[in-house]
Every structure is written in C-alpha cells, then in structure tokens.
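Reader: I'm a first-year student, and I'd like to zoom in on one small part of this protein. Could you start there and then walk me outwards?

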Amino acid sequence: MMAADDWISPDDPLNLRKALSCFATGITIITGTTEEGARFGLTASSFQPVSLTPPLVLYSVRKGAASVGLVKGSGSFCVNVLRHEHVELAKRFAAPIADRFDGVEWYRGSLGCPVLPDAIATFECRLWTTYDGGDHEIVVGEVVKMRRAPEGNPLVFFRGEFHPIVADTPRVS
C-alpha cells in the first residue's frame, strides 16, 4: 500500500515512465505502404478506441518518427493486434532494422497496407486526423474494415516487459 508521502514529481521523465509502465497495454504493429509501394511498420502500445460512431481508433508515435510522415502521405494504416506468442515479432518491429518485413508472413489489405494474418484482430484505417501530443503525435484513423480471430490471447506490455495473458475464456462469438 502506498503512503501519502509516496508521491513523486512527474517532471522527471524516468520516474514518469516507470509509473506509466504500471498500466498494462496491448501490443500492436502498425503497418502501411508509401505512395511508392514501400512497406513500413512499427510496434506500438498506444493503440485505443476513440469512437464507435464513426468507428475511430488512435495510436501515438514519437515525433520525428519516419512513420508519421509516411502515414500522412499514404492516408491509411493498419493496426495488427498481437497474440501472446508474438514477442519476437513485437521486438523486430521495434528494432532499427532496414526491412522489418523480411521473413514475416503478410498480405496486402484492402487499403494496400500489410496485414499480419496471425494477428488476434486487425483494423484497416483511413487517416482521419493527427494531433500534437507533446513529444508524440496522435494519429486517428477511421476503421473501414476489420477482422478478429475466434480465439487467442493478447500480448501485453507491463513494467517494461512483454507478458502473455493466458485466460480460460470462452470463444469469441
């Protein structure tokens, strides 16, 4: 249990990051294709729903990341929600690798973005808007097509590490 004097200042980015890591988040790979047809992708834990009507979702990415300009240029992106066994895939798309798709199974979705066929859920999105979010850019997309697997457990990020959720849950209907 925390005491009243356990409060620390959010001015220290390291302390803020440690406190934020106490909130478990799902892991996604955001993918897209440039106007020239080149693929891009990144691991993101900042994905969340925004609105059901219209169907909007968002993710955020560090300002200056190449993918921000690529999504703005292409006007679309795909959110692939990872399964608990996708730890290495999440690490691969977070690493500075020239071709993150090399050796990765994927197919081109309806908007031209790479879709990972083994994702637990997939959301193909048209870019709705972007917002300034401090040292991040918030990217909002309108879901135009989606799919979900009938079973499986998600990969989550908690206290700086990947963790599986292994639950005895009934099949999604």
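In which strand does T33 lie, and what does T33 touch beyond its neighbours in sequence?

Author: Happy to. One bit of housekeeping: this is a predicted model, so local features need pLDDT of at least 70 and side-chain atom pairs count only at pLDDT 80 or more, while totals for chains, interfaces and linings use all residues. Residues are numbered from 1 along each chain as its sequence is written, and side-chain values use heavy atoms, with hydrogens and water left out.

Your residue, T33, lies in strand β2, which covers residues 28-33. Strands here are DSSP runs of E with at least two residues, helices are runs of H or I with at least four, and both are numbered from the N terminus. T33 has a relative accessible area of 11%, so T33 counts as buried (under 20% is buried, over 50% exposed, anything in between partly exposed, with a 1.4 Å probe and protein chains only). Its side chain reaches out to the backbone oxygen of G112, 2.6 Å away. That is a polar contact: a pair of N or O atoms within 3.5 Å, where within protein one must be able to donate a hydrogen and the other to accept it, and residues adjacent in sequence count only if both atoms are side-chain atoms.

Who else does T33 meet? If you skip the neighbours within four places in sequence, T33 is in contact (heavy atoms within 4.5 Å) with A38, R39, F40, S74, R108, G112, C113 and P114. Next along is T34, which sits in the loop between β2 and β3. T34 is buried too, at 14%, and with the same kind of neighbours left out, T34 is in contact with F40 and L70. So F40 turns up on the contact list of T33 and on that of T34.

Now follow R39, one of the contacts of T33. Its side chain meets that of D99 in a salt bridge, 3.1 Å from N to O (a salt bridge is a side-chain nitrogen of Lys or Arg within 4 Å of a carboxyl oxygen of Asp or Glu). R39 is in strand β3 and D99 in the loop between α3 and β7, so the pair ties together parts that are 60 residues apart in sequence. R39 is partly exposed at 32%, and D99 is partly exposed at 32% as well.

In total, the structure holds five salt bridges. Another one joins E137 and K72 at 2.8 Å, N to O. E137 belongs to strand β10 and K72 to helix α2, so this bridge links parts 65 residues apart in sequence. E137 is buried at 13%, whereas K72 is partly exposed at 43%. Then there are D132 and K63, whose side chains meet at 2.5 Å, N to O. Here D132 is in strand β9 and K63 in the loop between β5 and α2, so parts 69 residues apart in sequence are tied together.

Back to β3, because it gives the largest share of the lining of the largest pocket, five residues. That pocket holds about 1,400 Å³ of space. Of its 34 lining residues, R17, S45, S46, S60 and H136 are the closest to the centre. Pockets are found on a 1 Å grid over the protein atoms alone: an open set of points where a 1.4 Å probe fits, with protein on both sides within 12 Å along at least five of seven lines, and lining residues have an atom within 4 Å of a point. The volume is the space filled by probe spheres set on points joined across faces, edges and corners.

Let's end with S45, one of those central lining residues. S45 is in the loop between β3 and β4 and is partly exposed, at 33%. S45 touches T25, G26 and I27, again not counting residues up to four places away. S45 and I27 are 18 residues apart in sequence, but 4.7 Å apart in space, C-alpha to C-alpha.
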